[in-house]
Amino acid sequence: MDSPFVAVARAADVPSGGFVKVEVAGRAFLVAHVGEHWYAVEDLCSHEDFPLSYGCLEGERVKCSLHGSRFDLKTGRPLEEPADTPIATYRVAVAGDLVLLDPTAPTNAH
Ligand code: FES
C-alpha cells in the first residue's frame, strides 16, 4: 500500500518557532515547528474561514490574525472565542531533511 505521506517542505526551511504554508492538491496547510515537535493543521480558521497563515505562533498555539482566537496545534481546539469549533489537524513526520504530511484524513475527527 502506498504511503499517504507527501513531502511538503525542507525541515531546514522551518525554524523552531516558525511555520510554513504548504499546498497539497489545492488544499492549504500550515506546518509548524516548535522545539522537538512538528504540527500540521488546515490553513483555515474555523470562525470565518480566514487563513491562519496570516497569523502567528504563540508557543504550541496558532493565533488567527482576524479576530484573535488561538488554537492548540496538537488538538486543533480553540482556546478562546470567537472561534468555538476545532480546526483540523493532520499527521506530520520528518525524514532526513524532508517534512512529510498525510493530507488524507484529519487526526482529530474534524
Ligand atoms: S476568523 Fe479567525 S477568529 Fe475570526
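**Figure 1. The surroundings of G55 in the predicted model.** In this predicted model, G55 is found in the loop that runs between β4 and β5, and, when its neighbours within four places in sequence are left aside, G55 is in contact with F19, K63 and S65. The relative accessible area of G55 is 17%, and since a residue counts as buried when this value is under 20%, G55 is buried. A further partner for orientation in this view is S69, which stands 14 residues from G55 along the chain, with 10.0 Å between the two C-alpha atoms.

**Figure 2. D49, another residue of the loop between β4 and β5.** The loop that holds D49 joins β4, which covers residues 37-42, to β5, which covers residues 56-57. The backbone angle phi of D49 is near 55°, a positive value in a residue that is not glycine. As background for this view, most residues other than glycine have a negative phi. D49 is exposed, because its relative accessibility is 57% and the cut-off for exposed is over 50%.

**Figure 3. The cysteines C45 and C56.** Is C45 buried or exposed? With a relative accessible area of 3%, C45 is buried. A search of the whole structure finds zero disulfides, and C56 is accordingly in no disulfide, with the nearest cysteine sulfur, that of C64, lying 9.9 Å away. For a disulfide, the two cysteine sulfur atoms would have to lie within 2.5 Å. C56 has a relative accessibility of 35% and therefore counts as partly exposed, a class that lies between the cut-offs for buried and exposed.

**Figure 4. G76 and the residues that touch it.** G76 lies in the loop between β7, residues 70-72, and β8, residues 89-95. Which residues does G76 touch, not counting those up to four places away in sequence? They are F71, P86, I87, T89 and N108. The relative accessibility of G76 is 0%, so this glycine counts as buried. P106, which is 30 residues from G76 along the chain, has its C-alpha atom 10.0 Å from the C-alpha atom of G76.

**Figure 5. The peptide bond from E81 to P82.** This view returns to the loop between β7 and β8, where P82 is found. The peptide bond that leads from E81 to P82 is cis, and its omega angle is near 15°. For comparison, most peptide bonds are trans.

**Figure 6. A25 in the loop between β2 and β3.** A25 is found between β2, which spans residues 18-24, and β3, which spans residues 27-34. Phi of A25 is near 50°, which is a positive value in a residue other than glycine. A25 is exposed, as its relative accessible area of 79% shows.

**Figure 7. P15 and D2, from the N-terminal part of the chain.** P15 lies in the loop between β1, residues 6-10, and β2, and this proline counts as exposed at 52% relative accessibility. Although P15 and A32 are 17 residues apart in sequence, their C-alpha atoms are 8.8 Å apart in space. D2 lies in the segment before β1 and is exposed, with a relative accessible area of 71%. D2 and V92 are 90 residues apart in sequence, and 16 Å separate them in space, C-alpha to C-alpha.

**Figure 8. The whole chain, as a setting for the close-up views.** The chain holds nine strands and zero helices, so that every element named from the N terminus on is a β element. A compact globule with 110 residues would have a radius of gyration near 13 Å, and the chain, with 13 Å, agrees with this. Along the principal axes, the C-alpha atoms fill a box of roughly 40 × 30 × 20 Å. Of the 110 residues, 37% count as buried, and the accessible surface comes to about 6000 Å², with 49% of it belonging to carbon and sulfur atoms. Among the contacts between residues at least 6 apart in sequence, 40% join residues at least 24 apart. The chain carries 9 positive and 16 negative side chains, and the centres of these two sets lie 3 Å apart.

Technical notes
Residues numbered from 1 in each chain as written. Predicted model: local features only at pLDDT ≥ 70, side-chain atom pairs only at ≥ 80, totals over all residues. Heavy atoms only, no water. Helix = DSSP H or I, 4+ residues; strand = E, 2+ residues; numbered from the N terminus. Rg over C-alpha atoms; globule rule 2.2 N^0.38 Å. Buried < 20%, exposed > 50% of the residue type's maximum accessible area, 1.4 Å probe, protein only. Contact = heavy atoms within 4.5 Å. Areas by Shrake-Rupley, 256 points an atom, 1.4 Å probe, with all protein chains shown as cover. Lys, Arg positive; Asp, Glu negative; His and termini not counted. Charge placed at Lys NZ, Arg CZ, Asp CG, Glu CD.
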